[in-house]
Amino acid sequence: MTYSQPQTDAAQGRLEFRSVTKRYGPTVALSEFTHDFAPGRVHALMGKNGSGKSTLIKLLAGVTEPTSGTISVNGKDQSFTSPHDAFDAGIVTVHQELSLVPELSVGENIFLGRLPHVRRAGFRVVDWKGLHRRATELLSDMGLSIDSRQPVSALSVGQQQVVEIVKAMSFNPSILLLDEPTSALASKEVKQLFALIERLRARGVTMIYITHRMSELFEIADTCTVIRDGHYIGAVEMRTTSPSEIVGMMFGAAARATRPPRQTIDRVKPLLEVRGLTRAGHFNDVSFDLYRGEILGIAGLLGSGRTELMRAIFGADRIDAGTVHLEGRSMTGATPSQMRAAGLGYTPENRKEVGLVQSLPTGDNLCMASLGPIARGGLISRRREQPFIDRQIADLHIKCGDPELPVSSLSGGNQQKVVIGKWLNTAPSVMFFDEPSRGVDVQAKRQIFDIIWQKASDGLSSIFVSTELEEVLEVADRILVMHHGNVVAEVDPTRTDLTQLYGLCMEGASQ
Amino acid sequence: MTLVSQSAEDRGQNVSLRLIKTYPMEIILAALVLFLILMAPGFASTANILNVLRTVAMLGIIAFGMTAVIISGEIDLSVGAGVALAGCIVAWFADAYTDAIGGWSAVILGFAVALTVGFSLGYLTGRFRQWFNVPTFITTLALFAALRGVANLITGGFPLSTFPAGFDFLGGGYLFGIPFPVYIFALTFAGMHFLMKYTSFGREVYAVGGNMEAARLSGIDIWKVKALTLGLTGALTAISGTLIASQIGAGTGTTATGMELDVIAAVIIGGTSLFGGKGRIWGTLIGVLFLGCISNGMTLMNVSEYWQYVVRGGIILGAVLLNQVLERVR
C-alpha cells in the first residue's frame, strides 16, 4: 500500500450540498439542505437532538444515501453507496465512540487492516519495524510525542482520541468529520486536541466539527452552520456572532406547550434529602431536597453526571460520600431492592438495554418489580397478576395487543410506558424518570408527561431528566443544573428561558 | 391473508405448520419412538421401557435443576463429578457408622451430608461469581476435576459397598411395577415445573437470565437468585448420586463419567437457550426422554458404541440449529 501525498488542487476540500433530502418512510430527516462548506476551514455544525445533524453525518460517511439531491466533494458530484465510497472520495469520520483496540499498540491501531509486510526467508511477515517507524513519523508530524509501541490501553482517553485522529489522517483525507470529539475529554486534553486541529487547518484540511459545548465553538471553529428540524437555518462567522444568536437559531421561537397550571408545593418537610453525595469521577458534593408532589427537573448535558447521580441514589452504583434520607429514614448505601421497599422507583434512560427484559412478555415485565406484593407465600399465577397488568395497561394507555407476547414487539413509546407501569405497580412515593421521552413519538411523549403531571397531583414526587431542555422547562416545577458532576444552579422554570438554561448547562454558572 | 378467503385445505395446512413450529421436539420424539417400535427389536417391551425410564430418571432429576441454572444465565459442569461424590459420601457413612448407629441411620446421615455439600457447593459457586467475578463455567470446571479427586480420596480408590439390606431398592427396586427412581423423577419434574411457573422465584430466574441489569434495577437480588438455582442443582445432583449408588450397589469415584454433557445436552435439546432467559422444564423432559430413547434404541439395533457418540453429537447440534431456524420463522 502506498500513502499518497495530499494533492494540491483549488477544489480540494470543498464540500457542497445541493437540495439534499433524506426521508425515512414518512419522516423527513433532512429537507432540501443546501450549503457550501468552504475548503480549509473548521465548520461547526450545531442543532439540538433530532435536528438532522446525525443524518447529515451519516450521508457524508456513506452510511445512508440521500433520497434526493446531490453531494459534491472536491468539485465532483458523488453518490456514496457505502462507507468505502466516502472514504475513496477523501472523507474520513472520527466517531464519538472510540474504535481503537485497547490491547494493540498505537502503531498497530493506526495501520489496522493494512499492516505493512516484508518477505523474510520466503514468508510474508508483518514489517513491525517499518510500521512503527511510519507511525512515529505520523505522530511527530502532528506534534505528538506518543510512543508508537505502547498499547493504546496505557493512554489517557484524550491521547486515545488524538490517536484516533492520527489514524484518520493517515488516510490523507481532504475532509475530516469530527463527531463530538471532546465529549469524553478533560479540559487539558481538549487543549491538546485543539492544537492538533489547528495544525490540520494549517494544512488545508476541511473539518466538520460537531459539539454541544458552546465555548469550544468560539475557541476552535471558523464558522457555525445551524440545522433545525431537518432544515438549513443559516451559517454564521464565529468572529461576528454570539452564543445567544446561535441558540436562537437552534431552537427558533420555541413555543411553550400547554401544561397544567403549576401547583403550589408545600416546601416544609422534604421527602427525599440528599446531602453531599459524591461518586468520584461522576459527581461531587450534590445536595438537594425533594418535596411531596414536586417534579424536580435536572438539566445538564450528556456526561454531566445526572444519570450517575440518580443511579447512585437508587443504589445501583456505589457512592463514595454523602447521605440519602427518604421520608426521614437514612437510606445511604441501600440496595435497589431496599430502595424499592422504601418507596423509590427508577426508570432508567436506556429502556431497551436495562429497563426491560425484552425476551419476556409485557405482563411479566409489568409485574417484575412487584413480585413480592403480588405473590402470596411466594406463589404467583397469571390470575393473581392480571389486575396489576390490566390496571397499568388501562391507566397508561399501553397499546400492546396481547400482554403474553414479548415486550420487544411493542413500539418505543409503549415500551417506555411499560417501564413506568412496572414502577407504578410498586406504589412508589418517589419516582426518578431518566430520559422518559427519548426515542418516543410526539403523542406518546405528551401521554408520558401527562402521566407524570397526573401522578404529581396525586402526591407522587419525581425527578425528571431530559436532554431536551424545552421539556425540562415544561415538565418541572424547579430545575437543578448539573455541569461536570456539580450542581451549578437552581432555577425556576417560569422565570428562565431556553437560552439562559442552555448557557448554564454548557458553561456552568461560573462562566 | 384473511381468514375468510382461506380454503379448508389452507387452514388445515396452517394448523399443521403451527403444530410443527410450536411442538417441534415433541413431534420428533414421537416420530423417533414410532421408528424404534417398528425397527428396534424389543424396544416396545415393558421391561425395556421401564429400563429406559430408570436411566432417564437419574439424568432427568439433575437436568431439571440444570434448566433453571441455564435459564438464569449460568452453567454447571460439575454435576457428573457431583454424582460420584454424593455416592461416595453416602457409601462412606454407611461403611463407617453402620456398627455405631445402624445401617439405615448411617445412610440417612450420609445422604443429609451429601445433600448439604451439594447445595453448598452450588450456592458458593454462585456467590463466587458475585464476589470475585469468576464465571461459573470456570468454578464448575474446577469442581469437575476436584470433586472426582475428593470422591476417590473418600473411598481410597476402591468401591465402597457396605450398604444395609434393602438399600438397593432406592435405585433398583420397583414400586407398583415402576422403578422407584421414576417416582423421584416425576416429583422433581412437577416440583421444578411449579417452581419455574408459579412462584415469584421462578419469575425472577427468567428475569435475571433475560437481562441481569434490568432485573437488578427492578430490585431483584440477582446474585441470590443465581446462587439458589445453582444450590438447588447441587442438591438434586446429590439425590441422583444417592440413587445411582444404590442402583450399582457401591460408591465409587468413577461413577457418572461424562454425565454433565448428557445433562446439558438434554436441556439444550429441550429448547433452553444457553444465552439465558428462555426455556421450559417441559422441554427438558422431552430432551431427556429423547436422549434416553435414542441411546437405548441404538444399543438394541446393535449400533456400535463409537457411532452412538457421533449420533449424539449430531443430535445436539441439530437440535440447536432447529431452534435457531424456528426462532427466525416465528
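**Contact, core and annotated segments of chains A and B**

Q: How many residues does each chain bring to the contact?
A: In this predicted model, residues count as in contact if their C-beta atoms, placed from the backbone, lie within 7 Å. The contact takes 24 residues from chain A and, from chain B, 21 residues.

Q: Which helix of chain B gives the most to the side that touches chain A?
A: Helices here are DSSP runs (H or I, at least four residues) numbered from the N terminus. Helix 9 (200-210) and helix 10 (212-217) of chain B each supply at least two residues of that side. With 7 residues, the one that gives the most is helix 9 of chain B.

Q: Which residues have the most contacts inside the largest nonpolar core?
A: Such a core joins buried Ala, Val, Leu, Ile, Met, Phe, Trp, Tyr and Cys residues through C-beta atoms within 7 Å, buried meaning 20 or more other C-beta atoms within 10 Å of a residue's own. The largest has 233 residues. Those with the most contacts inside it are A:Y209, B:I89, B:V90 and B:V263.

Q: Which residues does B:V90 touch?
A: Residues up to four places away in sequence are not counted. B:V90 touches B:V107, B:G110, B:F111, B:A114, B:T242, B:A245 and B:G251.

Q: How far apart are the end C-alpha atoms over residues 281-300 of chain B?
A: The unreviewed UniProt entry annotates "transmembrane region" for stretches of chain B including 281-300. Over residues 281-300 the chain is 100% helix and 0% strand. The end C-alpha atoms are apart by 29 Å.

Residues are numbered from 1 along each chain as its sequence is written, and chains are lettered from A in the order written. Local features need pLDDT of at least 70, and side-chain atom pairs count only at pLDDT 80 or more, while totals for chains, interfaces and linings use all residues.

Key: Contact = placed C-beta atoms within 7 Å. Buried ≥ 20, exposed ≤ 12 C-beta atoms within 10 Å, placed from the backbone. UniProt positions renumbered as here; feature names shortened; annotations may be inferred.
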